[in-house]
Amino acid sequence: MEKSKNTSNNMKTSLLAGSLIFLVAAIAEIILGAFKMYADSKELEEHWVNIIPFPPGIFPGLVVLLIGLIWIVGYFVTRKGQNANGHLSVGTIIALGFIFLFILILLIDIFNAYALGLEDYDGWTILASLRWIIFLSPIPMFFTMKYREFIFTRKKKTIMLQS
Amino acid sequence: MAYKTKNVKEIPNGGKISTNIALAGNPNTGKSTLFNALTGLKQKIGNWSGVTVEKKEGKRSFNNFELSITDLPGTYSLSASSLDEQIARDFIIYDTPEIVVQIVDASNLERNLYLTMMLRELGARVVIALNMMDLLEKDGSSINVQKLSTEIGIPIVPMIANKKIGIDDLENAIESVYLEDQKPMEIKYSKEIEEVLSTIQKMLLSIPSIPSSFNLRWLAIQILQNKSDITTLLESWNVKSKVIGELTSFGKEDYEAEIIDSKYEYISKVTSKVWKKGETKVTRSDLIDKVVTHKWLGIPIFLLVMWGSFQFVFAVSVPFMELIDMLFGWLSGLLVDNIRIEWLGSLLGDGIVGGLGAVLIFVPPIFTMFFILSILEDSGYLARAAFVMDKLMVKLGLHGHSFIPMLLGFGCNVPAIMSTRSLKNNKDRMITILINPFMSCGARMPVFILFAGLFFGASAGTVIFALYVLGIVVAVLTAILLRKTFFKGESAPFIMELPPYHSPKLRSATIAMWDKGKMYLKKAGTIILIGVVFVWFLAAMPFGGVEYGGPDTWLAAVGTFFEPIFRPLGFDWRIVVALIVGFVAKELVVGSLGTIVGGGESDEGIKSAILADEGFYALNSLSLMVFTLLYFPCAAVVGVIKKETGSWRWTIFAIVYSTVIAWLFAFAVFQIGSLMGSGL
Ligand SMILES: Nc1nc2c(ncn2[C@@H]2O[C@H](COP(=O)(O)OP(=O)(O)OP(=O)(O)O)[C@@H](O)[C@H]2O)c(=O)[nH]1
Ligand SMILES: [Mg+2]
């Protein structure tokens, strides 16, 4: 009993901290993304958004925003004393899905740039793709490790049927 | 024509027994999964209700038996309230399969047994395949199979169909039921009802044209419940209308309610004896559903999943597409340069390799797309996405139950339109059919991938996503329009059962991807091949002297004739021709462009050819994508709309309406874009 109470308190804190960080990051990304669009339309390669390490982008920002929102809804659910495992899990699974996607894109980018030598990749650096992963990963990874049993159900052995 | 009351058979010495069985049961219980396991065929399986909408036959031999097995659409009872249920009902009642194997979802015993009661009352000989035992176990519940079997007098075989567990036992059960007798079940109703029943039965007995073997008690019960199609049945036996009138005057709503209640009473008595519920805990499914069907989060999550999917499709397929494009470009150049007979070189190089290559480049994205779709389907998420979108539709004053067909349209609109058969209300169904072509099918994707990839660089995935969303928006707006004009009235209430989540299986997703993808390859080898050869021919005619694909060819004559209509959209005659040829199949839009544009020059795939061509730029490619998304559904879809609506009027409406809408949207895109001088 004591233990489960601790876990839920823990989760409350995790959800709050995780969601706040994601929400702030999301807003920053979206604003930077808007600047970048402006910079790109004026073809300003040297624009400061292209130089700072924080990844800009409206759509990826919306992804982060939504994950943050799911977690914060979860936080309010725990405050009502209800179970927010679903919120934690769905947010984390979406984040993991996108991390997987970004890693995949990174690998494909490397392939396109170096093996195929596509022209589109002239100004491209590994870091440009990598920074997404660097910024998106820590919290979902932490959640996955800490709440593994909530997020992934333990596999039961296949049952035998009586005949 | 009817179930006999007595049916004991012996196995003839050494001889084969061929007989037929039907797989019936509530929706989404695993009928098709079992059917595939038994027959080795590949009926479509999906994790929601209403996947199968047509009966399908297969075969299996074991011991001395040669079974012909029919997979039926799901049904909750034998009184059909939708087209697919009607197909199942008619097959069971009129085709009288020797044995009905009812697939029962073990975690939903009570509701499933209602159909069992109906089947047994009808006199069908039933074997129960108690499926999804794994889910029952997970739930912590249990069923005393032995006891249940004795209680209801039906052999019961526990199964896990998707793991092929329990097949042998099922065969044995089928064999023993075939050899033994199974009397129709008689549920005793109240004294009043029983009296009326026997009066009706006596009347029926005196009508000579009713086949003597028909289960008269069942017939009487149907008459008592005022089942409308019983009149049709009686008429088919040439029963006089006066007699029919007399018979049907016995029907009363009170009786119907009582008959249904008695069945449920009996069922709940039985289940209380054999079923132990696991301790009620909130399941993981419920917790996840609380988030993904949340009133604000639901739709954003769906959009996010879509956006992520297109990013995935695009990222994964680009390198493969590059390789295929290089290969075909090289091959085309090789043929044109090295074949002495000039027209033959041009036919092979420009026509076939150019056109077909342009289509085959899109095998990677289409396969990836099918892969993702089937993962979403199988996991159970698709049903949730449909659920949140349906809820939105209902809020807009429309009907629910239409988004599963719509989301299926992302694969192909033909099966998507057929799947509307599970809708209960005809007006709802008509609307759902007519708006389905706006859902962007796999065949339109080549156009999007090609042009978005060429002109929108890193935002390509997002542009494609936006097009799909535009398709949904136009579909919903059209639904509102149709509801306000031609299809006024009440729609069926929206209750939807959410299927359990499964962890998607890589293997089955790969198989599904291959099965659907194969269709695309097949099409490439047939219709598309013929199409591109046809286009090549017109692009090379008249013989002698004209430049291939140039302004003096017959093709150009056709294109320039229609060009004025399309000039406000930014299309030149070549695009116009491609769009016209695309009437047949939308892959041909890209295929024809490959033949026309990619032809002539050596060593170039369609991508570089288009990039080098002044007739194509970002803005007109955007309006081309919008037009392709919305205009005339392909020939196959027109065919299925005609078949499912049964009306030429509505079919023509669908054609004209969608093309006009497409023109208007593409016009708006091009004109607004030009006005903004967006530098596109
Ligand atoms: N866990 C579990 N899932 C199963 C089992 N059998 C089938 N399924 C899954 O249940 C879902 C429904 O299977 P279908 O075979 O399409 O069901 P159906 O009864 O044909 O459905 P309709 O045609 O819509 O009436 C699929 O996702 C299957 O993979 C089983 O024994 N256990
Ligand atoms: Mg089925």
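**Ligand 1 and helix H15 in chain B**

Helix H1 of chain B provides the largest share of the shell around ligand 1, namely 3 residues. The model is a predicted one. This briefing considers the surroundings of ligand 1 and then helix H15 of chain B.

**The shell around ligand 1**

- Ligand 1 is surrounded by 25 residues, of which B:Lys31, B:Thr33, B:Val51, B:Thr52 and B:Asp134 come nearest.
- Two helices of chain B, H1 (31–39) and H4 (133–139), each supply at least two residues of this shell.
- By character, the shell residues comprise 14 polar, 8 nonpolar and 3 charged.

**Polar contacts and cover**

- The backbone of B:Gly30 places a polar atom 3.0 Å from an oxygen atom of ligand 1.
- At B:Gly46, a polar backbone atom is 3.2 Å from an oxygen atom of the ligand.
- B:Ala161 has a backbone N or O atom that lies 3.0 Å from an oxygen atom of ligand 1.
- On its own, ligand 1 has 660 Å² of accessible area, and the protein covers 97% of that area.

**Helix H15 of chain B**

- Helix H15 runs through residues 363–379 of chain B and has 17 residues.
- From its first C-alpha to its last, H15(B) reaches 24 Å, which is close to the 24 Å expected at 1.5 Å a residue.
- H15(B) is largely enclosed by the rest of the structure, because 14 of its 17 residues are buried; a residue counts as buried when its relative accessible area is under 20%.
- Just after H15(B) comes B:Gly380, which takes a positive phi of about 100°.

Technical notes
Residues numbered from 1 in each chain as written. Chains lettered and ligands numbered in written order. Predicted model: local features only at pLDDT ≥ 70, side-chain atom pairs only at ≥ 80, totals over all residues. Heavy atoms only, no water. Helix = DSSP H or I, 4+ residues; strand = E, 2+ residues; numbered from the N terminus. Expected span 1.5 Å × (residues − 1). Buried < 20%, exposed > 50% of the residue type's maximum accessible area, 1.4 Å probe, protein only. Near = heavy atom within 4 Å. Polar contact = N/O pair within 3.5 Å; in protein donor to acceptor, adjacent residues only side chain to side chain. Areas by Shrake-Rupley, 256 points an atom, 1.4 Å probe, with all protein chains shown as cover. Nonpolar A, V, L, I, M, F, W, Y, C, P; charged D, E, K, R; others polar.
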